[in-house]
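Here are my notes on this one, in the order I'd raise them over coffee. Have a look at the structure first, then read on.

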Amino acid sequence: METTRQLLPLLKQYFGFTSFRPLQEEIIRDALAGRDTFALLPTGGGKSLCFQLPALLQPGLTVVVSPLIALMKDQVDALQAAGVPATFLNSSLAAGQSRPRLRGLHQGEYRLLYVAPERLMLSGFLDDLARWNVCLFAIDEAHCISEWGHDFRPEYRQIAGLRARFPQVPFMALTATATDRVRADIVTQLQLRDATIHVASFNRPNLTYRVSGKAGAYDQILAFLRQRPREGGIIYCQARKTAEALAFKLSGDGVPSAAYHAGMEPAERSRSHETFLRDEVRVVCATIAFGMGINKPNVRFVIHHDLPKNVESYYQETGRAGRDGLPSECLLLFSPGDRIKYSRFIDEKPDPKERELARAQLEQIVHYAEDAGCRRSYLLGYFGETYGEENCGACDNCLTPRQTWDGTLAAQKFLSCVYRIRERSGFGVGVQHIVEVLCGAATEKIRKWGHHTLSTYGIGAEHSRAEWAAIGRELIRLGYLRQDAEKFNVPELTDTGRAALRTRQKFTLTKPVTAPELAQPRVGEIACDETLFECLRSLRKQLADDRGVPPYIIFSDVALRQMARSYPQTEAEFARISGVGDKKLREFGEVFRAVIIGHLQTQARQVFADDSFTVPTAAPSRARLTSTVIESLQLFRAGRSVDDVARLRGLTPGTIYGHLATALEVGEAVDLNRVANAEVRREVAAAFRRHGFGNLMGVFETLGERYPQGLLRLLRAAGQRQ
């Protein structure tokens, strides 16, 4: 078994990192021990390293099965740039390109081979694998094997045949998105034997989630992009025509953009992909129906022009932002009309089971869009994870809570209408029909079923149909009504709803999402000499173009910002930059250091103190100091420790730290000497300086997990105030 002392030098030598991310080391150890493993790590969580590093430590060939052809080339380019012998075989290669690779595989020249599932199971290829001494099968995007997953691919089911052909070779299944049901299905379908299961947190702390009412989508998107003139990202669209039209209009308005969808010619699609990776276009407009193989670490935003088809797709698509750990934004433009449009598509599905699953998934993503609670908490809860903080500080509902209103009368009317319809007809009806009864519509169904004679007919003139539909959906989210997908999602009163109707309970409802101003403060960026950063970016682009690879293959934005902050001028200083391995130090160290030295000959060196941070957050309104935060603050000021306050209130210490952080953010005094001495505060501040405000997990890991995450959040809040 390899020890940490043996693994870390290879990690630095080839990949330029000095420590592992959560669970990486455990997964690598299991792989080296020859065990079957299942790894669920979030997008950007470092899944690839889990099979790439073991490939360097054991004899034989690691075969990586991937459904994304474009992603294969990206990963192989990155591995080769780091000095790792790797190659890929897929349909994008001509015969003349495949032959030398096959020859190299027969001669044992490669440690990693990326291959598509449909090629893997060809009889001739299986014979080749038997001769190539395979030591590990790594199944990437393993959720594709489950029909319960959001991206089921029938060709993945054939992979299970490898077990019979290669019974002694261990399997590693990897995915970024899988519910409990999908996880179990993956293990069964791949016939994993006594597999070790590794499930990391789904939380992406550097991502900010926002939902905005769709009101003139193009103007909203253009305004968003103009506020971020140097940043690139992805815009997901439901229809191919929308993607093409959006890319065309944005380019005409000075935002270089490209379309990307399954209906394009392969060469054209590949060109869009390459120009985006090489920073030649800022934006790619892609259909959400087509999975893009994006391994670009500096995607700064993901916009959903239309409602995603389910929560899993949304999580995976937003996860393509901020893979480098720097702050990134996820914006969903939501219109209730999207729900109606998708419902019609679902009704056209011939398979009843497919319709049932699709309806349930649609309701879940609509609930996410309309929910007034923490977006992060909702996403984590969907995947079975509990978020321990009351306020994540990085979603629209936590940053600017939506307004509420006294919805008692409206809720009573809606619930009463549901009750009266069932009492009269003996069956339930859909939300839309209930709304029509409340609004006094004269439809054929209303007359046919006698619903125009109900006491609730026409009593809802004070609200529009769209407003009544939103009220109905909120009552479903709050548990006063329930929907059963097998019964066409007809709302029915729950016991809670019946009790509320009987006792005339007071209801506080939330106003729907609107289209606010999109200008928002950016937090967590690594403070650096911006002029030098731009010089280094230009050099990176030139070197990448010369080699025919994307810029991030040379160095990530994180590495460039660290260079523009610490000004490394010697080889030893440059080697300490994150992502600088032995090969990159030899190949690029001198030329980057020359630019840094030249810059310092004409420009003054900027000083970034350990306790300084970049962009402070805007101070939240004092209205955010809820009664529970005030109670924790008062107990702390009375001399109680954080642990004492937690025990007295029946909460976790992490929650109390969060309360103190919230108080600090709105200007309340909090004695930090009582939670951490000056040396600890300096150490934590230095870690945030390197990783940025948004990368709480990166700081947690860098500090060896010695300090609670709640304490780190509190100290981050203190740094932001400074």
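**Notes on the predicted model**

1. Salt bridges first: the count comes to 34. Keep in mind while reading that this is a predicted model. One of the bridges pairs Asp371 with Arg477, with the closest N and O atoms 3.9 Å apart. The cut-off for a salt bridge is 4 Å, so have a look at that pair yourself. Asp371 sits in the loop between α15 (352-370) and α16 (375-382), while Arg477 belongs to helix α21 (residues 465-477), so the pair ties together parts that are 106 residues apart in sequence. Buried or partly exposed: which is Asp371? Asp371 is partly exposed, at a relative accessible area of 22%, and Arg477 also counts as partly exposed, at 21%. Buried means under 20%.

2. Next, Glu530 and Arg561. Their side chains meet in a salt bridge at 3.0 Å, N to O. Glu530 is in helix α23 (residues 530-547) and Arg561 in helix α25 (residues 557-566), so this bridge ties together parts 31 residues apart in sequence. The two ends have their own settings: Glu530 is partly exposed, with a relative accessible area of 37%, whereas Arg561 is buried at 8%.

3. Helix α23 comes up again with Arg547. The side chain of Arg547 meets that of Glu587 in a salt bridge, 3.2 Å from N to O. Glu587 is in helix α27 (residues 582-602) and Arg547 in helix α23, and the pair links distant parts of the chain, 40 residues apart. Glu587 is partly exposed, with a relative accessible area of 34%, and Arg547 counts as partly exposed at 38%. Then there is a network: Arg300, Asp324, Arg540 and Asp557 are joined into one by salt bridges that share partners.

4. On charge overall, how many positive and negative side chains does the protein have? There are 93 positive and 82 negative ones, and the centres of the two sets lie 2 Å apart.

5. A charged residue worth a click is Glu363, back in helix α15. Glu363 is buried, with a relative accessible area of 7%. Leaving aside residues up to four places away in sequence, Glu363 touches Arg339, Gln483 and Asn489.

6. Now for helix α19 (residues 431-438). Seven of its eight residues are buried, so α19 is largely enclosed by the rest of the structure. The buried ones are Val431, His433, Ile434, Val435, Glu436, Val437 and Leu438. What covers them? The cover over the buried residues of α19 includes the helices α18 (408-425), α20 (444-448) and α21, along with the strands β15 (481-484) and β16 (490-493). Helix α21 is also where Arg477 from the first point sits. Just after α19, Gly440 takes a positive phi of about 75°.

7. Over at Ser251, the surroundings are another matter to check. Ser251 is in helix α11 (residues 240-252) and is partly exposed, with a relative accessible area of 35%. Not counting residues up to four places away in sequence, Ser251 touches Pro256 and Ser257. The C-alpha atoms of Ser251 and Val283 are separated by 9.2 Å, and these two residues are 32 apart along the chain.

8. Stepping back to the whole protein, there are 33 helices and 17 strands. The radius of gyration is 27 Å, close to the 27 Å that the globule rule gives for 722 residues, so the protein is as compact as a globular protein of that length. Taken along the principal axes, the C-alpha atoms fill a box of roughly 80 × 70 × 55 Å.

9. Last, packing and surface. Of the 722 residues, 56% are buried. Among contacts with a separation of 6 or more, residues 24 or more positions apart account for 73%. The protein exposes about 30,300 Å², and carbon and sulfur atoms supply 50% of that area.

Definitions and conventions: Residues numbered from 1 in each chain as written. Heavy atoms only, no water. Helix = DSSP H or I, 4+ residues; strand = E, 2+ residues; numbered from the N terminus. Buried < 20%, exposed > 50% of the residue type's maximum accessible area, 1.4 Å probe, protein only. Contact = heavy atoms within 4.5 Å. Rg over C-alpha atoms; globule rule 2.2 N^0.38 Å. Areas by Shrake-Rupley, 256 points an atom, 1.4 Å probe, with all protein chains shown as cover. Lys, Arg positive; Asp, Glu negative; His and termini not counted. Charge placed at Lys NZ, Arg CZ, Asp CG, Glu CD.
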